[in-house]
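Here is a friendly walk through one protein model, meant to be read with the structure open beside you. Let us begin in the interior and work outwards from there.

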Amino acid sequence: MRLSRYFLPILRDTPKEAEIVSHRLMLRAGMIRQQSAGIYSWLPLGLRVLNKISAVVREEQNRAGAIEILMPTIQSADLWRESGRYDAYGKEMLRIKDRHDREMLYGPTNEEMVTEIFRSYVKSYKDLPLNLYHIQWKFRDEVRPRFGVMRGREFLMKDAYSFDLDQAGARHAYNRMFTAYLRTFARLGLKAIPMRADTGPIGGDLSHEFIVLASTGESEVFCHKDYLDFATPAADTDFDSVPGLQGIVDKWTSLYAATEEMHEKDAFAAIPAESQVSARGIEVGHIFYFGTKYSAPMGATVTGPDGQLVPVHMGSYGIGPSRLVAALIEAGHDEGGIVWPDEIAPFDIAVLNLKTGDAATDGACDQLYKGLAAKGYDMVYDDRDERPGGKFATADLIGIPWQIIVGPKGLAEGKVELKRRAGGERELVSLEAALARFP
Ligand code: ATP
Ligand code: MG
Ligand code: MG
Ligand code: MG
């Protein structure tokens with residue numbers, strides 16, 4: 001992408017309305033635009049990051065055996081009357097009427113709808129286990145939308161729903177998602193700790209929130225420090241192995257970790273003082289087992305091996321990709337701007353042309369831009385007619401992991417400068433060496 005032809009509306013001044021660094025940087029870097037309180041447009045740079053996060057989430061869901069579908073954002077109120085949640089959900093639900101005066105709503109979550117799909121098609125235990133997920137916009141009329149996309153009203157959620165014959169099966173389904181979540185957050189470069197959590201309006205009795213420690217987080221959390229050094233489950237983890245996954249979950253729940261609602265002061269006090277972490281955190285994911293809470297009232301039953309009809313055991317599993325964009329910035333930034341992890345960065349490499357119009361500089365930049373793009377790198381080329389200082393600032397602000405800085409002075413000696421955004425190390429190398437650095 002040539003910046004001269006891109007849409008990157010960078011703001012010079014720090015927007016006053018933004019209270020936390022991720023919100024400030026997302027506005028300054030031209031990633032999002034607020035359209036109403038808690039409702040945002042995603043501009044090109046922001047959308048690239050959001051899509052990259054969704055891609056990692058999707059890959060790990062698929063690896064764990066979940067199957068992608070896409071359910072609508074608008075749902076019928078009648079469906080929610082079947083579970084009893086239409087009235088129970090309260091003011092966070094945006095209720096709508098269509099032209100025929102039918103009551104509809106903008107989905108805040110999809111337990112009812114996915115249960116309706118399941119009961120329409122699945123009739124036998126032989127078709128279980130099943131886990132269906134989608135990545136779709138949700139709406140919750142939050143009392144206090146704030147911190148940009150961290151707490152939006154319209155936000156993107158990956159929500160998965162598991163169906164099993166019995167509690168033991170559902171436990172394994174839960175362990176699959178638990179393990180997939182550990183892998184997902186680690187791949188995003190985040191240390192997310194699973195913490196015992198309250199189940200809230202979703203209901204059920206087994207639940208973990210995945211929390212990223214951050215001073216700007218809205219949750220108060222308590223955990224053992226050693227979790228920060230636990231190893232992530234490997235990519236070749238066998239998701240069909242019941243004891244294998246139970247072992248992973250047992251390890252990751254062996255030490256104290258709880259959100260404020262589930263906090264037990266005495267158990268926490270028993271941890272050696274130097275290992276106690278009492279901090280604020282961001283909820284980036286939340287998983288639940290809730291048994292037959294929806295399947296029983298909604299008639300989602302299958303015939304078991306003995307021919308008897310039984311309601312299926314369900315769980316649901318949420319991740320917020322749009323909130324994760326902000327959480328990644330909270331975890332990765334410096335005075336200059338955003339520092340993206342390599343896999344999530346909107347572009348892999350930025351080529352900075354310090355003197356557009358100079359034939360040698362333009363030629364070298366072109367060679368780098370085209371050569372590295374041909375190798376499959378996501379390239380951004382700053383070919384704008386602007387001062388070098390402005391180009392350095394832009395590349396740092398938007399956080400591209402590698403910068404190749406090309407100017408007539410360096411080229412006279414056959415060199416370009418390679419800069420790593422994280423850490424800021426710089427190195428003078430030949431054009432060929434710069435090309436060879438990225439295989
Ligand atoms: P919170 O406690 O922050 O209000 P929640 O517990 O209501 O979140 P869940 O119902 O557990 O949220 O939804 C699953 C995931 O969706 C959350 O873990 C979070 O990553 C994301 N999420 C929930 N609400 C929002 C929001 N208002 N804006 C952005 N992401 C959200
Ligand atoms: Mg909430
Ligand atoms: Mg919560
Ligand atoms: Mg939650």
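Leaving out residues up to four places away in sequence, Met177 touches Ala64, Ala160, Ile287 and Tyr317. Keep in mind that this is a predicted model. Met177 is a good place to start, since it is one of the residues, with Val351, Ile404 and Val406, that touch the most other members of the largest nonpolar core, a set of 108 residues. Helix 6 (residues 167-187) supplies the largest share of this core, 9 residues.

**Around the ligand**

Next, please turn to ligand 1. It is surrounded by 15 residues, and the closest are Phe155, His286, Gly318, Gly320 and Arg323. Strand 8 (154-164), strand 13 (276-291), strand 16 (313-319) and helix 10 are the elements that give two or more residues to this shell. Among them, strand 13 gives the most, with 4 residues. Sorted by class, the shell has 6 polar, 5 charged and 4 nonpolar residues.

**Helix 1 and its surroundings**

Helix 10 also takes part in a helix pair. In general, two packed helices are described by the angle between their axes and the distance between the axes. Here the axes of helix 1 (residues 21-28) and helix 10 (residues 321-331) come within 8 Å and cross at roughly 105 degrees. Helix 1 is therefore roughly perpendicular to helix 10. On the helix 1 side, the contact is made by Val21, Ser22, His23, Leu25 and Met26, and on the helix 10 side by Ala326, Ile329 and Glu330. By class, this contact of helix 1 with helix 10 has 5 nonpolar, 2 polar and 1 charged residues.

How many of the residues of helix 1 are buried? The count is 7 of its 8 residues, and the helix is mostly covered. The buried ones are Ser22, His23, Arg24, Leu25, Met26, Leu27 and Arg28. Besides helix 10, the cover over these buried residues includes strand 1 (32-36), helix 2 (44-63), strand 17 (333-334), strand 18 (337-338) and helix 12 (388-398). Just after helix 1, Gly30 takes a positive phi of about 65 degrees.

**Backbone details worth a look**

Most residues other than glycine have a negative phi, and most peptide bonds are trans. Against that background, a few places deserve a moment on your screen. Phi of Asp101 is near 70 degrees, a positive value in a residue other than glycine. Asp101 lies in the loop between strand 5 (94-97) and strand 6 (103-106). Phe147, also not a glycine, has a positive phi near 60 degrees, and its place is the loop between strand 7 and strand 8.

Is Phe147 buried or exposed? Phe147 is buried, because 22 other C-beta atoms lie within 10 Å. Asp101 has 6 other C-beta atoms within 10 Å, so Asp101 is exposed.

The peptide bond from Leu128 to Pro129 is cis, with omega near 0 degrees. Pro129 sits in the loop between helix 5 (111-121) and strand 7 (130-139).

**Leu418 and Ala434**

Towards the end of this tour, have a look at Leu418, which is found in strand 22 (residues 415-420), and Ala434, which is in helix 14 (residues 431-437). Their C-alpha atoms are separated by 7.3 Å, and the two are 16 residues apart along the chain. Ala434 counts as buried because it has 26 C-beta neighbours inside 10 Å. Leu418 has 19 other C-beta atoms within 10 Å, so Leu418 is partly exposed.

Leaving aside neighbours within four places in sequence, Leu418 is in contact with Trp402, Ile404, Arg426, Glu427, Val429, Ala434 and Arg437. Under that same kind of count, Ala434 touches Leu368, Ile404, Val416, Leu418 and Val429.

**Pro243 and some distances**

Pro243 belongs to helix 7 (residues 242-252). Pro243 counts as exposed because it has 8 C-beta neighbours inside 10 Å. The table sets its C-alpha distance to Ala393 beside those for Ala434.

| Residue pair | Separation along the chain | C-alpha distance |
|---|---|---|
| Leu418 and Ala434 | 16 residues | 7.3 Å |
| Ala434 and Glu417 | 17 residues | 8.4 Å |
| Pro243 and Ala393 | 150 residues | 51 Å |

Note on methods: Residues numbered from 1 in each chain as written. Chains lettered and ligands numbered in written order. Predicted model: local features only at pLDDT ≥ 70, side-chain atom pairs only at ≥ 80, totals over all residues. Axes fitted to C-alpha atoms, helices over the stretch in contact; angles between N-to-C directions. Parallel < 35°, antiparallel > 145°, perpendicular 65-115°, else oblique. Contact = placed C-beta atoms within 7 Å. Nonpolar A, V, L, I, M, F, W, Y, C, P; charged D, E, K, R; others polar. Near = placed C-beta within 6 Å. Buried ≥ 20, exposed ≤ 12 C-beta atoms within 10 Å, placed from the backbone. Core = buried A, V, L, I, M, F, W, Y, C linked by C-beta atoms within 7 Å.
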